[in-house]
Amino acid sequence: MDSKNESIDSTVETATTSRRGFLGKGAMVSLAGAGVVLGLAGCKEDGPAGKATAAPGKAGAADGGHVAPGQLDTYYAFISAGHGGEVRVLGLPSGRTLKRIPVFNTDCMVGWGVTNESKAIMGTKADGSLRYTTGDTHHVHGSYNDGTYDSRWLFVNDKIHSRLARIRMDIMECDKITAIPNVMGFHGIFPDKRDPVDAAINHTTRVFCGAEFHIPLPNDGRDLDDPSKWGCLFTCVDAATMEVRWQCRIDGNMELLATSYDGKLAAATQYNTEGGADLAGMMSAERDACVFFDIARIEARIKAGSFTTIGGSKVPVVDGRKLANADPKTALTCYVPVGKNPHGVNASPDGKYFVCAGKLSPTATVIELAKVLQWFNGELKAPRDSVVAEPELGLGPLHTAFDGKGNAYTSLFLDSQVVKWDVALAIAQFNGDKSVKPIIDRADVHYQPGHGYASMGETKDADGKYFNSGNKFSKDRFLPVGPLHPEAEQILDISGAKMVLVSDHTAYPEPHDGIIVKREFVKTKQVSLMTDFPNAVTAETAGIERKGNKVHVRLMSQAPSFSMPVIKVKVGDEVTLTLTNLDKVEDLTHGCAIPNHNINFIVNPQETKSVTFKTDQAGAYWIYCTHFCHALHLEMRSRLLVEA
């Protein structure tokens, strides 16, 4: 490295360290001002590995972050986009944006929220308008087969309006959205990895959803002034039908979820086990909890008819609160005490442990699943006895990922770091071996990492290649674009002894959790079949059909023309336009825009989509193709003539 680069690296390191120190201290001051001080004072700034090791560059990286022109990325990253309402698809390690999948948001490029098909999925009011045009996606997870991804589905939540969405991975488009009843602030989700009841079914059959906010049950105006009567529900959704199967009432709020590889257990981290309605009320307990659910027992209880319902909902509800589950042998839930205000809970690839990150404690809590099952069998004295390690990592632990080699990687929000630690050594230290040092390495990231996840790290095939750090602040990392800065996604190579920062890239606010999937696990469809669309337009069905003031225009597109050069309707007509793309060439997509009518959408090869609109003003309007398709793309038009 030349002297100029050394100087630049030195400046970056100095700025990083000072900023990290300032932000960490500032956050501690803010917490202290709110009366939140527990767990932070004992944090040690220096780990066994000493100074942070990750610096920009390729030294030690297997192949760096550069993917040459014409070459393909090794991995897909599927990342939820926070209050953007969508899911983003990136190629890794390059960080190239491959696709933005609209889910709870409208998108005038693809026509999501414009076409009749997308409106039916998103949900509409009686007048046909969208029920919601906003969303808040936090967590995206894939469906499993035999402990690894099967390229069927992705699932993502909407925290604002308590909805669960499913995305087909073959076309990477949303195909189902389900509203979760009786909950508010639905945050964490996770699919099961195999059926909890039928051992012969070794793939995802259920998706679990954790409500974060207490509300009156039912939320119909009663008990508004008595939050002590409010509650939270854990929800099970059928992965295939997307119908709600059952709900379980619990103590406390739920943050994030995890499921075991044997299908028997699901768990959610909990803050506010006190059931408080304000900050002071939420901070009185020394510890919070990770609540475990025995899925088979819950479903047996429901099958036996021992459940209630809430308000007008017909969804079966069982009681998972502590007082109703004192006997381990019949309990539906197990509350394991963990550090205060835990955030992430993550399953190790070997299927043995769940790791809860402390957030307001400098520790991570390692829970052995075999011991949790022992408690449910009445063979363990107390739920806390399932804790087998609690290493001190740093300030603000949030999420933990795994490399499949026995190492864990935890994001530290206040320290702006990722810390690498050995799970077995942490267990040995917890058992009294003072000679071991679980922390192996620390890496600076820029800045305040929220979510972090490793390549294939949530499967039995965790490969220890890359860790993605989703950072909440970027500040001086990129060119300024006004008051709202982009977020920063940074890729660490974790294949060696030391973590190496190999690339960073921007992300439109606000990226949340995600998964990194090897490209061979993703099987996409490049061209659809016309037979997949019952309303497909053919030469035999194309044309205009009028029934009173309702007009159905059946149109075909094939580069560079639409099948009808002129379409005549009248003022006041309700027009449904159904468009089929007859082209069979991969990547040959057509657009359809109608000026002054708020219509804009695309149709991929062999697909069919439709829109419905009113013609309220006489005149001539050019229907034109918005998606470049041919040398005569600009000439690809049809005339919509609206007669008075």
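Which residue takes a positive phi just after α5? Keep that question in mind while you look over the whole chain, remembering that this is a predicted model.

**The whole chain**

Begin by selecting the entire protein chain and colouring it by secondary structure, which comes to 6 helices and 39 strands. The radius of gyration of the chain is 27 Å, close to the 26 Å that the globule rule gives for 644 residues, so the chain is as compact as a globular protein of that length. If you turn the C-alpha trace along its principal axes, you will find that it spans about 85 × 75 × 50 Å. Of the 644 residues, 55% count as buried, and among the contacts between residues at least 6 apart in sequence, 61% join residues at least 24 apart.

**Helix α5**

Next, select residues 369-376, which form helix α5, and show the side chains of L369, V372, W375 and F376, which are buried. These four residues cover an arc of only 105 degrees around the axis, which puts them on the same side of α5. To see what covers them, add the strands β13 (265-271), β14 (288-294), β16 (333-338), β18 (353-357) and β19 (364-368) to your selection, together with the helix α4 (295-303), all of which are included in that cover. Now step just past the end of α5, where the opening question finds its answer in G378, whose positive phi is about 80 degrees.

**Helix α4**

Since α4 is already part of your selection as one of the elements covering α5, stay with α4 and pick out its own buried residues, I295, R297, I298, E299 and I302. Following the chain onward from α4, you come to G305, which has a positive phi, near 85 degrees.

**The largest pocket**

Finally, move to the largest pocket, in which about 1600 Å³ of space lies. There are 49 residues lining this pocket, and to find its centre you can select K99, I171, M172, E173 and N604, which are the closest to that point. Then widen the view to the elements that each give two or more residues to the lining, namely β1 (75-80), β2 (86-92), β3 (96-102), α2 (116-122), β7 (173-179) and β37 (608-614). Of these, β3 deserves a separate colour, as the largest share of the lining, 6 residues, comes from β3. If you colour the lining by residue type as a last step, you will see it divide into 19 nonpolar, 13 polar and 17 charged residues.

Notes: Residues are numbered from 1 along each chain as its sequence is written. This is a predicted model: local features need pLDDT of at least 70, side-chain atom pairs count only at pLDDT 80 or more; totals for chains, interfaces and linings use all residues. Side-chain values use heavy atoms; hydrogens and water are left out. Buried means under 20% relative accessible area, exposed over 50%, partly exposed in between (1.4 Å probe, protein chains only). The arc is that of the directions from the helix axis to the C-beta atoms. Contact means heavy atoms within 4.5 Å. On a 1 Å grid over the protein atoms alone, a cavity is a set of points where a 1.4 Å probe fits but cannot get out, and a pocket is an open set with protein on both sides within 12 Å along at least five of seven lines; lining residues have an atom within 4 Å of a point. Grid points are joined across faces, edges and corners, and a volume is the space filled by probe spheres set on the points. Ala, Val, Leu, Ile, Met, Phe, Trp, Tyr, Cys and Pro count as nonpolar, Asp, Glu, Lys and Arg as charged, and the others, Gly among them, as polar. The radius of gyration is taken over C-alpha atoms; the globule rule is 2.2 Å times the number of residues to the power 0.38.
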